[in-house]
Amino acid sequence: MGNTVSCCVSPESSPKLPSRLTAERLEELQASSEVSDDTTVPYLQHISDREVPDELALESNPSDHARANTIFLNKSQTDGNSSERIRDKRRSNHTNHVSPGLLSRKYSSCSTIFIDDNTVSQPNLKNTIKCVTLAIYYHIKNRDSDRSLDIFDEKLHPLSKEPVSDDYSSVDPEHRLIYRFVRTLFSAAQLTAECAIVTLVYLERLLTYAELDICPANWKHIVLGAILLASKVWDDQAVWNVDYCQILKDITVEDMNEMERHFLELLQFNINVPASIYAKYYFDLRQLADDNNLNFPLEPLNNQRAQKLEAISRLCEDKYKDLSRAAMRRSLSADNLIGVRHSNAVLS
């Protein structure tokens, strides 16, 4: 589904170690390291003492674990209006009544099958951006606090020459404003829908690792940094930083480079997105769209659409076969290299 790159980090900076456990863990280590006065043998910490239980790792880093709930879906369901809509929709599902208008559903039958153009490997670009920006909207609206860094502050690092309003850090942006900002970048840079999903993964990973909150003062820079990184990692033809400077006329390449460097450091250079994480975010975005009546357009399945879906499926299957063959060739070449270098040891 795309290029994946992983980086190794030291145990001290591992994303599996939540910082909120540092003080408690330190007290435990100090208590366990106490030895009697008649010995000078230093205490050697066991590796299990540094490991975090699976349930804590799942809770603290949902962007790294396929079984953990995404943060944006939890925040959207804690919203009062959204919860009320979900309850109303569930109550309506128990009846045979279908409300008229744009929110009415279409049901498949023996003679007609309704499908949309969204698949895991080929999502619809417009609908995916709507869902991703809706997730960002709920992140901002239901944030815990306003923890931020100066590198992402719009007042300190403006994206345009237009003056920033005095209430820029207190007024939550509307969903349509976030959608317009993201849609402009994706349209100008010709990015794919898969890149939008990876953008959301990097955004939630940044908020988790750096213990930040996306708020009115920093949402543009955080979203821009996530899009910049996702386009370089995921798309085959990466967009250079100077290209984004042509889209955002008033920002310099040096500012883009500095923001990208800080973004990577805060991510601890962990830019790996496994297929399980990608699929989880895709289906949670669809759940978010369903909860907010943002239904994807359904069209009846005809011969032309069936042939199109079959062609997409065949194209993806051939792509994955080519990737598997390439991985097999790399594995065989590595085995041959090891075999050539193998030799018996000479003992004197």
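This passage walks through the overall make-up of a predicted model, two helix pairs and three buried residues.

The protein is built from 12 helices and two strands. Read from the N terminus, the order of these elements is α-α-α-α-β-α-α-α-α-α-α-α-β-α. Of its 348 residues, 36% count as buried. The surface exposed by the protein comes to about 21,000 Å², and 52% of that area is supplied by carbon and sulfur atoms. Contacts across the sequence also deserve a look: among those between residues at least 6 apart, 82% join residues at least 24 apart.

Helix α7 offers a good place to begin with the packing. Spanning residues 193-209, α7 meets helix α8, residues 219-234, with axes that come within 8 Å and cross at roughly 125°. The two helices are therefore oblique to each other, and the crossing in which α7 passes α8 is right-handed. On the α7 side, the contact is made by Glu194, Cys195, Val198, Thr199, Tyr202, Leu203 and Leu206. Helix α8 contributes Ile222, Val223, Ala226, Ile227, Leu229, Ala230, Ser231, Val233 and Trp234. Sorted by class, the residues of this contact comprise 13 nonpolar, two polar and one charged.

Helix α7 also packs with α5. Here the axes come within 8 Å and cross at roughly 15°, an angle that makes α5 roughly parallel to α7. The crossing of α5 past α7 is left-handed. From α5, the contact draws on Leu125, Thr128, Ile129, Val132, Ala135, Ile136 and His139; from α7, it draws on Ala193, Ala196, Ile197, Leu200, Leu203, Glu204 and Leu207. The contact of α5 with α7 holds 11 nonpolar, two polar and one charged residues. Leu203 of α7 appears in the contact with α8 and again in the contact with α5.

Turning to single residues, Ile178 lies in helix α6. Its relative accessibility is 0%, so Ile178 counts as buried. Setting aside residues up to four places away in sequence, Ile178 touches Thr133, Ile136, Tyr137, Ile140, Pro173 and Trp219. One of these, Ile136, is also among the α5 residues that make the contact with α7. Val223, a member of the α8 side of the α7 contact, stands 45 residues from Ile178 along the chain, with 9.4 Å between their C-alpha atoms.

Glu154 sits in the loop between α5 (125-141) and α6 (175-189). With 14% relative accessibility, this charged residue counts as buried, because the cut-off is under 20%. Once neighbours within four places in sequence are left out, the contacts of Glu154 are Val164, Tyr168, Pro216, Ala217, Lys220 and His221. Of these partners, Lys220 and His221 fall within the residue range of α8, 219-234.

A second loop residue, Ser63, is found between α2 (54-60) and α3 (71-78). Ser63 is buried, with a relative accessible area of 1%. Apart from neighbours within four places in sequence, Ser63 is in contact with Val201, Arg205, Ile277 and Tyr281. Val201 and Arg205 lie within the range 193-209 of α7, which brings the account back to the helix that packs with both α8 and α5.

Methods. Residues are numbered from 1 along each chain as its sequence is written. This is a predicted model: local features need pLDDT of at least 70, side-chain atom pairs count only at pLDDT 80 or more; totals for chains, interfaces and linings use all residues. Side-chain values use heavy atoms; hydrogens and water are left out. Axes are lines fitted to C-alpha atoms, for helices over the stretch in contact, and angles run from 0 to 180 degrees between N-to-C directions. Helices (H or I, at least four residues) and strands (E, at least two) are DSSP runs, numbered from the N terminus. Angles under 35 degrees count as roughly parallel, over 145 as roughly antiparallel, 65 to 115 as roughly perpendicular and the rest as oblique. A crossing is left-handed if the near helix is turned anticlockwise from the far one by less than a right angle, and right-handed if clockwise. Contact means heavy atoms within 4.5 Å. Buried means under 20% relative accessible area, exposed over 50%, partly exposed in between (1.4 Å probe, protein chains only). Accessible areas come from the Shrake-Rupley method with a 1.4 Å probe; for residues, only the protein chains shown count as cover.
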